[in-house]
Amino acid sequence: MEAAAGYFRPGSSWLHRRHPTTKLLALVWLLVATFVLPPLGSVVLVVAVVAGAASAGLLAPLLRASRVGLVLLASILVVNGFFYPGARDVLFGLGPVALTQEGLEAGLTFALRILVALEASLLFLFTTLADDLLEALVGRGVNPRLAYVVLAAMQLVPRLQGRAAAILEAQQARGLEVGGSLRRRFGALVPLIGPLVLGTLIDVRERTFALEARGFGSGLPRTAYRIVADPAGDRLLRWLLVATMAALIVYGLAHAAGAA
């Protein structure tokens with residue numbers, strides 16, 4: 001059940017009550033905005049996403065889930081700051097390398113854009129049940145195969161985490177040592193990766209057979225077993241998101257043409 005729910009955190013906040021397609025469209029809007037607007041706009045978007053998570057009672061889970069991503073962002077900032085090609089404005093030297101202003105600015109821009117995408121995606125997963133999104137997409141006329149691909153992508157990482165934890169516990173019960181030195185930790189990965197990959201392939205085959213047995217690719221009209229509420233306010237919000245997204249795209253194209 002936990003793997004089926006994915007990253008979803010049950011709740012009744014204003015974000016949980018929004019229609020799945022509204023939240024999906026808002027996610028796309030944020031991704032477009034962070035790549036169109038200047039870096040200061042990305043800062044505002046990050047603050048808005050964090051504030052939205054706090055208002056929905058999801059700030060602590062969001063920060064916990066962002067720890068690995070923040071390490072990646074720090075590495076992007078360091079690599080660009082010290083090794084940005086063609087940079088000349090040196091801030092200070094550190095041995096054979098130097099921190100440059102151009103590299104620091106580029107690293108901050110990249111890091112902020114990725115941070116917006118990371119935080120917005122996590123918040124979307126925390127507040128959207130995968131089954132509701134599947135039904136909402138199919139109800140909007142999306143091909144069921146494409147909708148299922150989205151559903152499988154949302155459940156992929158939680159399923160792998162659950163399967164890896166079960167395999168690790170089973171290996172430990174058989175005497176496998178997973179602690180100690182770094183070399184021993186890497187050695188413990190070998191008996192973990194094999195069953196994980198094989199189990200994942202078997203799971204994919206079983207799910208394929210189950211879908212075929214239920215006539216997934218028959219092309220006949222489907223009957224939904226769950227109805228996802230779509231408030232009138234969400235419909236207006238979706239139109240607003242589409243209109244502002246079109247304006248952002250026009251602004252980005254005009255800005256790119258002016259820069260050229």
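1. His19 sits in the loop that joins helix H1 (2-5) to H2. This is a predicted model, and in it His19 is buried, at a relative accessible area of 2%. The cut-off for buried is under 20%. What does His19 touch, once neighbours within four places in sequence are left aside? Its contacts are Ala136, Arg140, Val228, Ala229, Asp230, Asp234 and Arg238. One of these partners, Ala136, is itself a buried residue of H7.

2. Now the overall layout. The protein chain holds ten helices and two strands. Read from the N terminus, the order is α-α-α-α-α-β-β-α-α-α-α-α. Of its 260 residues, 31% are buried. Take the contacts with a separation of 6 or more: 72% of them join residues 24 or more positions apart. The exposed surface comes to about 15,900 Å², and carbon and sulfur atoms supply 69% of that area.

3. Next, the core. In soluble globular proteins, nonpolar side chains tend to be buried together. The largest nonpolar core here has 32 residues. Leu123, Phe124 and Met154 have the most contacts inside it. Six helices each supply at least two residues: H2 (20-36), H3 (39-55), H5 (67-83), H6 (101-127), H7 (130-139) and H8 (144-173). Which helix gives the most? That is H6, with nine residues.

4. Met154 deserves a look of its own. Leaving aside neighbours within four places in sequence, Met154 contacts Phe124, Leu125, Thr128, Ala130 and Leu133. Among these partners, Phe124 is another of the residues with the most contacts inside the core. Ala130 and Leu133 are both buried residues of H7.

5. H2 against H6. The two helices pack at an angle of about 175 degrees, and their axes lie 9 Å apart. Angles over 145 degrees count as roughly antiparallel, so H2 is roughly antiparallel to H6. On the H2 side, the residues are Pro20, Lys23, Leu24, Leu27, Leu30, Leu31, Thr34 and Phe35. They meet Leu112, Arg113, Val116, Ala117, Ala120, Ser121, Phe124 and Thr127 of H6. By class, this contact has eleven nonpolar, three polar and two charged residues.

6. H2 against H3. Here the angle is about 155 degrees, with the axes 9 Å apart. H2 and H3 are therefore roughly antiparallel to each other. Trp29, Leu30, Ala33 and Thr34 of H2 meet Ser42, Leu45 and Val49 of H3. The contact has five nonpolar, two polar and no charged residues. Leu30 and Thr34 take part here, and they also appear in the contact with H6.

7. H7 is mostly covered, with seven of its ten residues buried. Which residues of H7 are buried? They are Ala130, Leu133, Leu134, Glu135, Ala136, Leu137 and Val138. Glu135 belongs to the charged class, yet it is on that buried list. After H7 comes Gly141, which has a positive phi, near 95 degrees.

8. Last, a loop position. Gly86 lies between H5 and strand E1 (90-94). Is Gly86 buried or exposed? Its relative accessibility is 69%, so Gly86 counts as exposed; the cut-off is over 50%. Gly86 and Glu102 stand 16 residues apart in sequence. In space, their C-alpha atoms are 8.6 Å apart. Glu102 falls within the 101-127 span of H6.

Methods:
Residues numbered from 1 in each chain as written. Predicted model: local features only at pLDDT ≥ 70, side-chain atom pairs only at ≥ 80, totals over all residues. Heavy atoms only, no water. Core = buried A, V, L, I, M, F, W, Y, C linked by side-chain atoms within 4.5 Å. Buried < 20%, exposed > 50% of the residue type's maximum accessible area, 1.4 Å probe, protein only. Helix = DSSP H or I, 4+ residues; strand = E, 2+ residues; numbered from the N terminus. Contact = heavy atoms within 4.5 Å. Axes fitted to C-alpha atoms, helices over the stretch in contact; angles between N-to-C directions. Parallel < 35°, antiparallel > 145°, perpendicular 65-115°, else oblique. Areas by Shrake-Rupley, 256 points an atom, 1.4 Å probe, with all protein chains shown as cover.
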